Amino acid sequence: EAMPGLKKLLHELKKAGIVRAVASGSGRWDIDMILKGLGISSEFDVISSGDEVHHGKPHPEIYLLTAERLHVSPEDCIAFEDTMYGVQSAKAAGMKCIAVPHKYTSSHDFQEADKVVLSLEEITLPFLQNL
């Protein structure tokens, strides 16, 4: 099940001409299955999986690979993360990071995140521009 606000946010970003990517430590098969099941496979310009890197999160390798594939500087990226290790990975890559904890990660330490939100429904283009 998609996080509340995910599909709307992806649509708004696409409409604004902002590239979108998945940078997951999961295997490509799992990522493809989940994206297909959610009906959002075509929403991403780049998908990077744990199969393609030597180091998992919190190492920044997956985020650096994804920024390279998007042809953007990591400093121009905003990562959305739901785990402490993901936040650490994004920040180590030089990206801004918004933490979106869920019931299994709500006890994680998200102090490194630039912002912590309870839901993707809180995210708007002006919110991102002010980050």
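Which residues does Ile 40 touch, not counting those up to four places away in sequence? Keep that in mind while you load the model, which is a predicted one.

**Whole chain**

Start with a cartoon view. Five helices and five strands make up the chain. Trace them along the sequence and the order reads α-β-α-β-α-β-α-β-β-α. The radius of gyration is 14 Å, close to the 14 Å that the globule rule gives for 131 residues, so the chain is as compact as a globular protein of that length. Along the principal axes, the C-alpha atoms fill a box of roughly 35 × 30 × 30 Å.

Now turn on contacts. Take pairs of residues at least 6 apart in sequence: 48% of their contacts join residues at least 24 apart.

**Surface and charge**

Show the surface next. Its accessible area comes to about 7,700 Å². Carbon and sulfur atoms account for 52% of that area. Colour by burial, and 39% of the 131 residues count as buried.

Select the charged side chains. There are 13 positive and 19 negative ones. The centres of these two sets lie 6 Å apart.

**The largest nonpolar core**

Hide the surface and go inside. In soluble globular proteins, nonpolar side chains tend to be buried together. Here the largest nonpolar core has 17 residues. Select Leu 35, Ile 40, Phe 44 and Ile 123, the members with the most contacts inside this core. Then highlight α1 (6-15) and α2 (28-38), the elements that give two or more residues to the core. The top contributor is α1, with four residues.

Centre on Ile 40 to settle the opening question. Beyond the residues up to four places away in sequence, Ile 40 touches Leu 6, Lys 7, Leu 10 and Leu 35.

**Another core**

Apart from the largest core lies another one, of 16 residues. Pick out Val 87, Ala 93, Met 95 and Ala 113, which are among its members.

**Glu 81**

Last stop: select strand β3, residues 78-81, where Glu 81 has its place. Is Glu 81 buried or exposed? The cut-off for buried is under 20% relative accessible area. Glu 81 has 6% relative accessibility, so this residue counts as buried.

Show what surrounds Glu 81. Setting aside neighbours within four places in sequence, Glu 81 is in contact with Lys 57 and Tyr 63. Gly 86 and Val 87 are also in contact with Glu 81. Add Cys 97, Ile 98, Ala 99 and Val 100 to complete the set of Glu 81 contacts. Val 87 is also a member of the 16-residue core.

Conventions
Residues numbered from 1 in each chain as written. Predicted model: local features only at pLDDT ≥ 70, side-chain atom pairs only at ≥ 80, totals over all residues. Heavy atoms only, no water. Rg over C-alpha atoms; globule rule 2.2 N^0.38 Å. Buried < 20%, exposed > 50% of the residue type's maximum accessible area, 1.4 Å probe, protein only. Contact = heavy atoms within 4.5 Å. Areas by Shrake-Rupley, 256 points an atom, 1.4 Å probe, with all protein chains shown as cover. Lys, Arg positive; Asp, Glu negative; His and termini not counted. Charge placed at Lys NZ, Arg CZ, Asp CG, Glu CD. Core = buried A, V, L, I, M, F, W, Y, C linked by side-chain atoms within 4.5 Å.
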